[in-house]
Amino acid sequence: MATFKLNVIEASQIGSRKLNEPTFSPAYIGSGAGAGDIYYECGECGVRLAEDLQRDITDEVIKCPQCGALNETPAG
Ligand SMILES: [Zn+2]
C-alpha cells in the first residue's frame with residue numbers, strides 16, 4: 001500500500017490544472033478486479049482524498065471537502 005500526503009498549494013498556483021471540488025471524501029475510489037493500492041491524503045488535515053487507485057491521478061487539484069485546502073496531485 002502506498003499512501004501519499006499531497007502537497008498543499010495556493011489558489012494562484014492552480015494554473016491550467018483541473019480543479020476538483022468534491023463534497024465528500026474520498027473523492028476517488030478505485031474499483032473492480034485488481035483495485036489498486038494507491039492512497040492520497042490531504043496535506044493539511046490528513047483526510048483521505050483517494051483510495052484503492054490503480055494508478056496516479058495527475059495534473060489535477062483536489063479541494064479538500066473537510067478543510068478546504070487545495071491539494072495538488074503528482075505532475076503527469
Ligand atoms: Zn483537508
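How do strand 5 and strand 6 pair, and over how many bridges? They pair in the antiparallel sense, over 3 bridges. I start there, and the rest of the talk works outward from that pair. Please keep in mind that this is a predicted model.

First, the overall layout. The protein has 8 strands and 0 helices, so the pattern along the sequence is simply β-β-β-β-β-β-β-β, with strands as DSSP runs. The C-alpha atoms fill a box of roughly 40 × 25 × 20 Å along the principal axes. For 76 residues, a compact globule would have a radius of gyration near 11 Å, and the protein has 12 Å, which agrees. Of the 76 residues, 20% count as buried. Taking contacts between residues at least 6 apart in sequence, 52% join residues at least 24 apart.

Now back to strands 5 and 6. Strand 5 covers residues 38–41, and strand 6 covers residues 48–53. One bridge to look at pairs Ile38 with Leu53 in strand 6. The two strands form a hairpin with 6 residues between them. Within that hairpin, Gly46 takes a positive phi near 85°.

These two strands belong to an open sheet of 4 strands, in the order 1-5-6-4, with mixed pairing. Strand 1, residues 2–5, and strand 4 stand at the edges, each with a single partner strand, so one side of each is left without a neighbour in the sheet. At one edge, strand 1 runs parallel to strand 5, joined by 4 bridges. There, Lys5 has Glu41 of strand 5 as its bridge partner. At the other edge, strand 4, residues 28–29, runs parallel to strand 6, with 2 bridges between them. Ile29 is bridged to Glu51 of strand 6.

Strand 6 also holds a residue with an unusual sign of phi for its type. Asp52 lies in this strand and has a positive phi of about 55°, although it is not a glycine. With 17 other C-beta atoms within 10 Å, Asp52 is partly exposed, because the cut-off for buried is 20 or more.

There is a second aspartate of this kind. Asp59 sits in the loop between strand 6 and strand 7, and its phi is positive as well, at about 55°, although Asp59 is not a glycine. Asp59 counts as partly exposed, with 14 C-beta neighbours inside 10 Å.

One more backbone point, on the way into strand 4. The peptide bond from Ser25 to Pro26 is cis, with omega near -10°. Pro26 lies in the loop between strand 3, residues 18–20, and strand 4.

Next, the other sheet. What is the order of its strands? The order is 2-8-7-3, in an open sheet of 4 strands with mixed pairing. Strand 2, residues 7–9, and strand 3 are at the edges, each with a single partner strand, so one side of each has no neighbour in the sheet. Neighbouring strands of this sheet are turned by 35° against each other on average, direction ignored. Strand 7, residues 60–63, runs antiparallel to strand 8, residues 70–72. There are 3 bridges between strand 7 and strand 8, and the bridge partner of Val61 in strand 8 is Glu72.

At the edge of that sheet, Val8 is found in strand 2. Val8 is partly exposed, with 16 other C-beta atoms within 10 Å. Leaving out residues up to four places away in sequence, Val8 touches Gly43, Glu44, Ala69, Leu70 and Asn71. Val8 and Ile62 are 54 residues apart along the chain, and their C-alpha atoms are separated by 9.5 Å.

Ile62 brings us to the interior. Which residues make up the largest nonpolar core? There are 10: Leu6, Ala27, Tyr28, Tyr40, Cys42, Leu49, Ala50, Leu53, Ile62 and Cys64. Strand 6 gives the most to this core, with 3 residues. Ile62 itself touches Asn20, Pro22, Ala27, Leu49, Asn71 and Thr73, again not counting residues up to four places away in sequence. Among those contacts, Ala27 and Leu49 are also on the core list.

To close where I began: strand 6 pairs with strand 5 in the antiparallel sense, runs parallel to strand 4, and gives the most residues to the largest nonpolar core.

Terms used:
Residues numbered from 1 in each chain as written. Predicted model: local features only at pLDDT ≥ 70, side-chain atom pairs only at ≥ 80, totals over all residues. Pairing = 2+ DSSP bridges. Core = buried A, V, L, I, M, F, W, Y, C linked by C-beta atoms within 7 Å. Buried ≥ 20, exposed ≤ 12 C-beta atoms within 10 Å, placed from the backbone. Contact = placed C-beta atoms within 7 Å. Rg over C-alpha atoms; globule rule 2.2 N^0.38 Å. Axes fitted to C-alpha atoms, helices over the stretch in contact; angles between N-to-C directions.
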